[in-house]
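Subject: A structure for you to look through

Hello,

Here is the structure I promised to pass on to you. Please open the sequence and the 3D view side by side before you read the rest of this message.

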Amino acid sequence: MEFYTISENELQKYLGRKDVLLIDLRKTADYMSAHLPGAVNIPFDRFDKHTGLLEDGSFKIVIFYCERGNLSLRMARDFAKRGFHAMSLAGGMASYYGKLV
């Protein structure tokens, strides 16, 4: 399965959807200061401990983001190889100008 990079504009159509899991790969402190609406925080360096969240099958699409887009691109590629419909926010938080919570 392929993975995709999406822009901030493309991301808007996925926010708030029940079939989309939005994962913030940044450190918890960064997530707590501001994150995308609906995102869950699973820091990249602790990701292996939290993969059960993805295995339940209730999400059709998984979108990863990080600070600049490098880690999320890697995760999207890895999860696409595992059969997930995975995406990465191009440029990460540094390229996002939408609403944060």
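Below I go through what was found, starting with the whole chain and ending with two residues.

Please keep in mind from the start that this is a predicted model. The mean pLDDT of the protein chain is 89, and 90% of its residues reach 70 or more. Confidence is highest in helix H2 (residues 28–33), with a mean of 97, whereas it is lowest in helix H3 (residues 52–55), where the mean is 64. Where pLDDT is low, the predicted coordinates should not be read in detail.

As for the fold, the protein chain contains four helices and five strands, and if you follow them from the N terminus you will meet them in the order β-α-β-α-β-α-β-α-β. The radius of gyration is 12 Å, close to the 13 Å that the globule rule gives for 101 residues, so the protein chain is as compact as a globular protein of that length. Along its principal axes, the C-alpha trace spans about 30 × 25 × 25 Å. Of the contacts in the protein chain with a separation of 6 or more, 64% are between residues that lie 24 or more positions apart.

Turning to the surface and the interior, buried residues account for 42% of the 101 residues. The accessible surface of the protein chain is about 5800 Å², and carbon and sulfur atoms contribute 51% of that area. There are 14 positive and 12 negative side chains, and the centres of these two sets lie 1 Å apart.

Two residues may help you to practise reading the model. Met-93 sits in the segment after strand E5 (85–89). Is Met-93 buried or exposed? Its relative accessible area is 11%, which is under the 20% cut-off, so Met-93 counts as buried. Leaving aside residues up to four places away in sequence, Met-93 touches Arg-26, Ala-34, Leu-36, Tyr-65, Cys-66, Glu-67 and Leu-100. Phe-47, by comparison, is 46 residues from Met-93 in sequence, and their C-alpha atoms are 19 Å apart in space.

The second residue, Arg-77, belongs to helix H4 (residues 70–81). With a relative accessibility of 35%, Arg-77 counts as partly exposed. Although Arg-77 and Thr-5 are 72 residues apart in sequence, the distance between their C-alpha atoms is 9.9 Å.

With best wishes

Methods. Residues are numbered from 1 along each chain as its sequence is written. This is a predicted model: local features need pLDDT of at least 70, side-chain atom pairs count only at pLDDT 80 or more; totals for chains, interfaces and linings use all residues. Side-chain values use heavy atoms; hydrogens and water are left out. Helices (H or I, at least four residues) and strands (E, at least two) are DSSP runs, numbered from the N terminus. The radius of gyration is taken over C-alpha atoms; the globule rule is 2.2 Å times the number of residues to the power 0.38. Buried means under 20% relative accessible area, exposed over 50%, partly exposed in between (1.4 Å probe, protein chains only). Contact means heavy atoms within 4.5 Å. Accessible areas come from the Shrake-Rupley method with a 1.4 Å probe; for residues, only the protein chains shown count as cover. Lys and Arg count as positive and Asp and Glu as negative; His and the chain ends are not counted. The place of a charge is taken as NZ of Lys, CZ of Arg, CG of Asp or CD of Glu. pLDDT is the predictor's confidence in each residue, from 0 to 100.
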